[in-house]
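Hi everyone, thanks for making time. I'd like to walk you through a structure that's new to most of us, so have a look at it first.

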Amino acid sequence: MSLNPSPRPPLSEAVASGPFESVERSAAKPAPAEAQPAVDGVVGYRRLLPVNWDRYLVRIGALLVAALGWHLASTYGFDFFVRFDNVPGPLVVGAEFLAQASSQEFYVHILHSMQRIAMAYGLAVVIGVVLGVMMGRSRFAEDVILPYIEILRPIPAVAWIPLAILMMPTEQSSIVFITFLGALFPIVINTVHGVEQTPKVLVRAARSLGASNAAILWHVVLPGALPSIVAGLAIGMGVAWFSLLAGEIISGQYGIGYFTWSAYTLVEYPKIIIGMLVIGGLGSLCTLLVRKACSPLLRWQTEGAKS
């Protein structure tokens, strides 16, 4: 019998052959064959859902709760400061909406309103951003343009209707003009705010590196002002729909605003609510499209913390 003990394996081999090896092997083992399809099915189902789908469910649930409250208030004649005695319920409004959705004239009204919004909002975006950048970058331009903005901005859209009818050659142009004014001022104000908030350190650094005024405007000022500009574009879209409604009520022959006003004059209450809901839905959809169109330009912006 040999008294010499057997040589010990190297430390690396001992660790590899020790308990750590069993842990690594157990972790590396695939899941049982019968459980794998279920996991794949769950993962595939989640991939089909949109991002933040649980938040969309909460929003849809909030709308359903509001519809339920509306139904109960109109059914039982809720009367406490706000009267629901003559307000049609959601079932009546839904049935009338299906009837209107089958008529061609209803879509003609929507098409005319969308066309006016497109023309007025497009002009407001171009002119509003240009004026806002000029006012934000030049004190002389601000002193010249700001008095007009501050005097005209508080005037409501309804007050512009008589003057627009006198100035513009057609009813279509007068409605577009009123809608344009409604969208213009939020875009100008937010653009000025965004340009003025550009850090002066960045402007000085770019100028010290030899950048021209045009390069500083394009690569420093405008990217820094984009969050405020996008906010102004979204607000301007909402105000544009508000102004469009006022213009179509008074001087329009077609449009969803005219549809709502004619329903009021004919005492057709379900159509009034349909017009209101369509205006709200189209306005929300247009605002969402504006935000989605501008979101690629704001990829550098960090998301705020929300609980």
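Before I start, one term: a nonpolar core here is a set of buried Ala, Val, Leu, Ile, Met, Phe, Trp, Tyr and Cys residues joined through side-chain atoms within 4.5 Å. And keep in mind that this is a predicted model.

Okay, the core. The largest one has 55 residues. Those with the most contacts inside it are Phe106, Tyr121, Leu233, Met237, Trp241, Ile256 and Val278. Which elements give two or more residues to this core? That would be helix 6 (104-137), helix 7 (139-152), helix 8 (157-167), helix 9 (171-196), helix 10 (200-208), helix 11 (213-251), helix 12 (256-265) and helix 13 (269-294).

Let's pick out Trp241. Leaving aside residues up to four places away in sequence, Trp241 touches Ser113, Met114, Ile117, Ile256, Ile279, Leu282, Gly283 and Cys286.

Speaking of cysteines: is Cys286 buried or exposed? Its relative accessible area is 8%, so Cys286 counts as buried, the cut-off being under 20%. Cys294 is buried too, at 12%. As for disulfides, a search of the whole structure finds zero.

Now over to a pocket. The second largest one has a volume of about 370 Å³. There are 13 lining residues, and the closest to the pocket's centre are Gly136, Arg137, Glu196, Thr198 and Lys200. Helix 6, helix 7, helix 9 and helix 10 each supply at least two residues of that lining, with the largest share, four residues, coming from helix 10.

And what is the lining of this pocket like? Seven charged residues, three polar and three nonpolar.

Key
Residues are numbered from 1 along each chain as its sequence is written. This is a predicted model: local features need pLDDT of at least 70, side-chain atom pairs count only at pLDDT 80 or more; totals for chains, interfaces and linings use all residues. Side-chain values use heavy atoms; hydrogens and water are left out. Buried means under 20% relative accessible area, exposed over 50%, partly exposed in between (1.4 Å probe, protein chains only). Contact means heavy atoms within 4.5 Å. A disulfide is a pair of cysteine sulfur atoms within 2.5 Å. On a 1 Å grid over the protein atoms alone, a cavity is a set of points where a 1.4 Å probe fits but cannot get out, and a pocket is an open set with protein on both sides within 12 Å along at least five of seven lines; lining residues have an atom within 4 Å of a point. Grid points are joined across faces, edges and corners, and a volume is the space filled by probe spheres set on the points. Ala, Val, Leu, Ile, Met, Phe, Trp, Tyr, Cys and Pro count as nonpolar, Asp, Glu, Lys and Arg as charged, and the others, Gly among them, as polar.
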